[in-house]
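Subject: Structure handover

Hello,

Here is the structure I promised you. Please open it and follow along with the notes below.

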Amino acid sequence: METMNYQDFSKLFADSCEKNGISPLSETQVNTFWRFTEHLMKVNETTNLTAIRSIPDVITKHYVDSLTVSSMIPEGARVLDLGCGPGFPSIPLAIARPDLTIRALDSTDKKIRFLNESADLLELSNLKGYSGRAEDPKTRKELGQFDVVVSRAVARMNVLSELCIPYVFIGGKLIAMKGAKGDEELAEAQNAIKILGGAAKNHALELITNDSSEARCLIEVFKVKETPSTYPRQYSAILKKPL
């Protein structure tokens with residue numbers, strides 16, 4: 001298992017944040033990220049949570065990448081991380097933004113167990129994970145209840161829009177975290193976004209890594225009108241006939 005002392009970790013984290021325009025974190029917050037990294041690296045040895053196993057890459061490609069959405073989320077927002085995996089972007093956001101109330105949803109039980117164990121370990125009282133899917137009846141009880149829904153590497157934009165937009169209240173937004181082809185996905189999803197009550201704007205950026213950069217898109221979908229109550233449909237129906 002790769003390890004790193006706090007001083008080296010703190011310097012790497014600060015350098016990566018500066019390169020990528022992320023607001024500086026407090027020493028307490030950086031220390032929390034370091035503790036989380038030790039926990040993540042240890043658990044990932046026996047439970048496959050992430051294919052990214054180098055600490056410098058975890059810092060940039062998980063933590064800093066997750067924090068690129070932070071400045072787009074209003075103060076005190078109620079946030080849903082849909083398809084959260086082991087906690088990205090929800091755990092970095094919970095550490096960096098204690099003002100947020102974050103609910104994290106994923107269909108993989110082991111990832112939700114890890115997320116909740118991590119939240120307990122790090123005393124993140126603003127984060128709670130739940131196992132389930134967007135189209136489940138128990139989840140649908142929270143349709144239209146969130147200021148912001150975030151989602152990272154879950155599905156193509158036309159599918160993702162149907163899963164996420166119904167959970168945003170009018171005046172709130174979806175932030176879809178995409179790679180280099182996010183603009184193509186957005187063009188493909190225009191009909192779905194319109195039907196679901198959204199209006200979209202794309203923000204292109206470069207994630208600066210140790211020795212290169214990677215294209216990213218943050219697709220911001222503002223909820224401007226009510227979503228028809230039939231959405232989201234069952235996942236099989238969404239895949240069979242995307243909007």
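Start with helix 5, which lies across strand 2 and strand 3 and runs at about 165 degrees to strand 3. Contact here means heavy atoms within 4.5 Å. Axes are lines fitted to C-alpha atoms, for helices over the stretch in contact, and angles run from 0 to 180 degrees between N-to-C directions. Helices (H or I, at least four residues) and strands (E, at least two) are DSSP runs, numbered from the N terminus.

A word on the source: this is a predicted model, where local features need pLDDT of at least 70, side-chain atom pairs count only at pLDDT 80 or more, and totals for chains, interfaces and linings use all residues. Residues are numbered from 1 along each chain as its sequence is written, and side-chain values use heavy atoms, with hydrogens and water left out.

Now the sheet. It is open, has seven strands in the order 3-2-1-4-5-7-6, and its pairing is mixed. Two strands pair if DSSP finds at least two bridges between them. Strand 3 and strand 6 (198-208) stand at the edges with a single partner strand each, so one side of each has no neighbour in the sheet. The twist averages 20 degrees from one strand to the next.

Next, the pairs. Strand 2 and strand 3 (residues 127-131) are parallel, with five bridges. Ile 102 has Leu 127 as its bridge partner in strand 3. Strand 6 and strand 7 (residues 213-223) run antiparallel, joined by 11 bridges. Lys 201 has Glu 220 as its bridge partner in strand 7.

Best wishes
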